[in-house]
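Student: Could you take me through one part of this model in detail? I'd like to hear about the pocket, and then whatever helix packing you can add.

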Amino acid sequence: MSIAAPGKVAYINARIIDPATGFDGPGELLTIGEEIADVGRKLFEGKPPKDVQIIDCDGQCLAPGLVDMRVQLREPGEEHKESLKSGCEAAVAGGVTTMVGLPNTNPIIDDEATVEYVARRARKQALTKVYVYGAATKGLLGKELAEMGLLAEAGALGFTDATKAIADAQVLRRALAYAATFNFLIIQHPEEPSLANGVMNTGEISTRMGLSGIPREAEIIMLERDLRLVAMTGARYHAAHISTAESVEIIARAKARGLNVTCDTAPFYFALNEMAVGDYRTFAKLSPPLRTEDDRQAIVEGLRSGIIDCIASDHAPHDQDSKRLPFAQAAFGGSGLETLLAVAIGLHHSADMKLIDVLRRLTVEPAALLGLDAGRLAKGKKADLVMFDPDRGWKVVADDFRSKSKNSPFDGQPVQGKVLRTVIDGRCVFSATSGAVS
Amino acid sequence: MRDQVFPHRHLLGIEGLTPIEINHLLDCSERYIALNRSTHKTTEALKGRTIINLFFENSTRTRTSFELAGLRLGAHVINMQVETSSVTKGETLIDTAVTLNAMHPDVLAVRHSDSGAVKLLADKVNCGVVNGGDGSHEHPTQALLDALTIRRRKGKLNGLVVAICGDVLHSRVARSNFHLLLTMGARVRIIAPRTLIPSGIERLGVEVFTDMAKGLRDADIVMMLRVQHERMKGSFIPSVREYFRFFGLDRAKLSQAKPDALIMHPGPMNRGTEIDSDVADDFERSTIREQVELGVAVRMAVLEILAQNGAAA
């Protein structure tokens with residue numbers, strides 16, 4: 001993999017969208033080396049300097065690269081599902097320039113060495129910038145606090161037990177209190193495990209299909225409880241992938257009370273409902289499960305109103321063998337990096353949200369929440385960019401994914417919104433025309 | 001004759017004592033320091049009196065300190081180390097109190113692992129009772145010896161900034177020190193991870209910090225608390241290693257405090273857990289051995305006053 005030193009690049013005829021400043025209009029952007037040198041309506045008066053490489057955006061959107069705050073990177077431990085190489089290639093194809101991995105690797109990210117291992121391996125790919133969360137409890141076992149302070153010094157951005165809830169109330173209380181000591185963020189998978197031993201949403205569909213259910217209450221109860229403990233400890237708390245209408249109300253109330261609470265959802269939960277499980281499609285077996293149409297609409301409304309702060313892909317790669325099973329036995333989770341932008345832009349095409357607001361939940365919001373200097377187009381910032389055509393239609397063909405795993409619940413669906421070019425530190429790392437990852 | 005300034009039968013805690021009473025106890029303690037340093041260390045102040053050390057919890061240094069204090073006052077001292085039975089704790093405690101009371105001791109020095117147990121016992125006996133530490137509640141003689149150490153080194157308590165660091169949640173030493181130091185006009189800060197800070201602590205009048213560098217800034221006194229190893233296995237703190245990194249006292253963190261700040265520790269120390277040996281053994285600034293020394297003087301003063309108050313009752 002050759003890494004050409006980036007020179008000066010001028011992006012002209014662009015529709016610049018920067019959610020951080022609210023700017024959405026025609027403009028130009030100049031990068032020098034790894035940084036954004038300037039951005040504005042007219043930088044060059046039609047005459048860019050001679051020593052500059054010119055990219056004519058032809059009116060397409062140029063926005064900050066996406067910041068995906070929740071992906072599962074299977075390296076180390078399950079490289080047959082996803083490696084840092086394949087994951088980063090999928091990410092740049094999806095316009096994602098920064099992503100944060102969960103600690104449920106093998107070994108688990110509950111010591112500094114693993115944080116540093118992932119960081120070093122990811123740097124070698126020289127593609128999407130990879131960060132990780134540390135385990136909130138040792139071994140993700142939900143019993144003893146992990147070394148959050150030392151993990152943070154090694155680079156962990158926050159603490160979570162990944163796809164497991166921190167279920168024991170006393171353990172969560174102490175994890176929140178301990179995290180509050182350092183103002184660290186605790187990220188919860190909000191699902192009461194004793195209610196979550198089913199395989200899809202509890203309701204008419206699960207009854208018809210004869211599948212065991214996970215009631216919406218599993219999420220609702222856990223969120224209600226957690227927020228009591230957040231109020232008690234004063235900690236920073238983030239609820240991952242909320243999926244029910246009540247969850248949006250609960251988070252809204254917590255925010256109104258002034259609690260330090262944020263949340264995200266994944267495209268699955270605003271683009272699909274439990275009907276997607278259809279004919280026992282294991283690709284639609286997700287955690288939390290796809291919910292009712294009312295829930296889906298409430299999630300859309302939560303994104304529109306801003307109660308839901310961020311959109312994350314919740315990328316959960318699985319090999320064929322994990323999904324080619326009876327529904328009850330199949331693994332939970334869907335591949336999400338390469339469909340993230342297109343499915344999210346669906347919120348714009350359905351007239352639920354303005355394009356800039358969709359991008360806000362994918363860029364500056366997660367970056368600010370995680371304390372990352374990313375997700376905005378400003379002079380002196382790293383030139384992490386995505387150029388895309390918000391209207392171009394294409395069909396999701398999971399077999400074409402760069403990700404090793406093809407388990408997308410959107411497989412075969414038409415979507416609108418195509419990543420044309422992804423730039424990291426001023427360097428083009430993906431181009432739709434060549435398809436190549438440089 | 002009953003002590004004019006400190007007329008109480010018992011010393012169960014610092015909470016509720018007045019500055020005058022505290023100063024008086026410290027003044028009385030002062031008198032015994034020279035005696036303890038002399039060759040002939042005995043007075044006859046409590047000649048013929050009986051003191052029972054009743055310890056329901058393991059202790060070496062506090063029990064020894066009370067024992068020496070009693071002996072140097074010329075009293076008979078009996079040590080009773082009682083195994084606690086969790087099933088019949090309350091009943092046993094009161095029975096023990098009644099039994100001992102029938103033997104007419106003058107003072108009982110009592111330690112118990114349950115908060116409030118010493119008070120319960122004191123209500124059942126006619127003699128004086130000094131609390132040698134009850135659960136996570138109070139340890140008044142420790143606070144007095146700490147105050148005496150500070151007063152002798154700094155000449156005062158009023159206006160000093162005292163940073164108390166570590167396991168405040170479980171510490172009776174911390175609680176007695178809050179009461180004493182605040183009563184005497186010092187400013188008290190606590191520094192600990194949030195898991196070791198008891199709820200509502202601000203209401204006691206202390207300032208709460210979770211960052212050592214900030215909490216130690218310009219402190220006159222740095223008081224380290226012992227952290228028990230069973231708290232270090234993930235329930236309150238992830239590990240010893242992490243605790244020492246963020247809350248252990250070393251040269252770098254200490255540099256935030258005043259250059260002449262004193263380093264105190266109630267003992268026994270966990271070197272490399274809450275305190276670096278380099279700091280603990282700093283001859284100029286560490287008062288850890290001096291605290292132990294003054295502890296005997298403080299306990300002599302307290303035993304003498306309580307024995308006399310009891311006789312006058």
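Tutor: Here's a walk around the pocket, followed by a look at a pair of packed helices. Keep in mind that this is a predicted model. The largest pocket comes out at a volume of about 840 Å³. Its lining is made up of 38 residues, and the ones closest to the centre are B:Arg111, B:His139, B:Arg172, B:Gly267 and B:Pro268. As for chemistry, the lining splits into 19 polar, 10 charged and 9 nonpolar residues.

Now for the helices around the pocket. In chain B, helix 2 (61–72), helix 5 (140–154), helix 6 (172–183) and helix 11 (288–312) each put at least two residues into the lining. Helix 11 of chain B gives the most, with 7 residues.

Over in chain A, there's a helix pair to look at. Helix 4 (residues 169–182) packs against helix 6 (residues 217–233) of chain A at an angle of about 40°, and their axes lie 9 Å apart. Because of that angle, helix 4 of chain A counts as oblique to helix 6 of chain A. The crossing of these two chain A helices is right-handed. On the helix 4 side, the contact uses A:Ala169, A:Leu172, A:Arg173, A:Leu176, A:Ala177 and A:Ala180, and these meet A:Arg225, A:Asp226, A:Leu229, A:Val230, A:Met232 and A:Thr233 from helix 6 of chain A. Sorted by type, the residues of this contact are 8 nonpolar, 3 charged and 1 polar.

Methods:
Residues are numbered from 1 along each chain as its sequence is written. Chains are lettered from A and ligands numbered from 1 in the order in which they are written. This is a predicted model: local features need pLDDT of at least 70, side-chain atom pairs count only at pLDDT 80 or more; totals for chains, interfaces and linings use all residues. Side-chain values use heavy atoms; hydrogens and water are left out. Axes are lines fitted to C-alpha atoms, for helices over the stretch in contact, and angles run from 0 to 180 degrees between N-to-C directions. Helices (H or I, at least four residues) and strands (E, at least two) are DSSP runs, numbered from the N terminus. Angles under 35 degrees count as roughly parallel, over 145 as roughly antiparallel, 65 to 115 as roughly perpendicular and the rest as oblique. A crossing is left-handed if the near helix is turned anticlockwise from the far one by less than a right angle, and right-handed if clockwise. Contact means heavy atoms within 4.5 Å. Ala, Val, Leu, Ile, Met, Phe, Trp, Tyr, Cys and Pro count as nonpolar, Asp, Glu, Lys and Arg as charged, and the others, Gly among them, as polar. On a 1 Å grid over the protein atoms alone, a cavity is a set of points where a 1.4 Å probe fits but cannot get out, and a pocket is an open set with protein on both sides within 12 Å along at least five of seven lines; lining residues have an atom within 4 Å of a point. Grid points are joined across faces, edges and corners, and a volume is the space filled by probe spheres set on the points.
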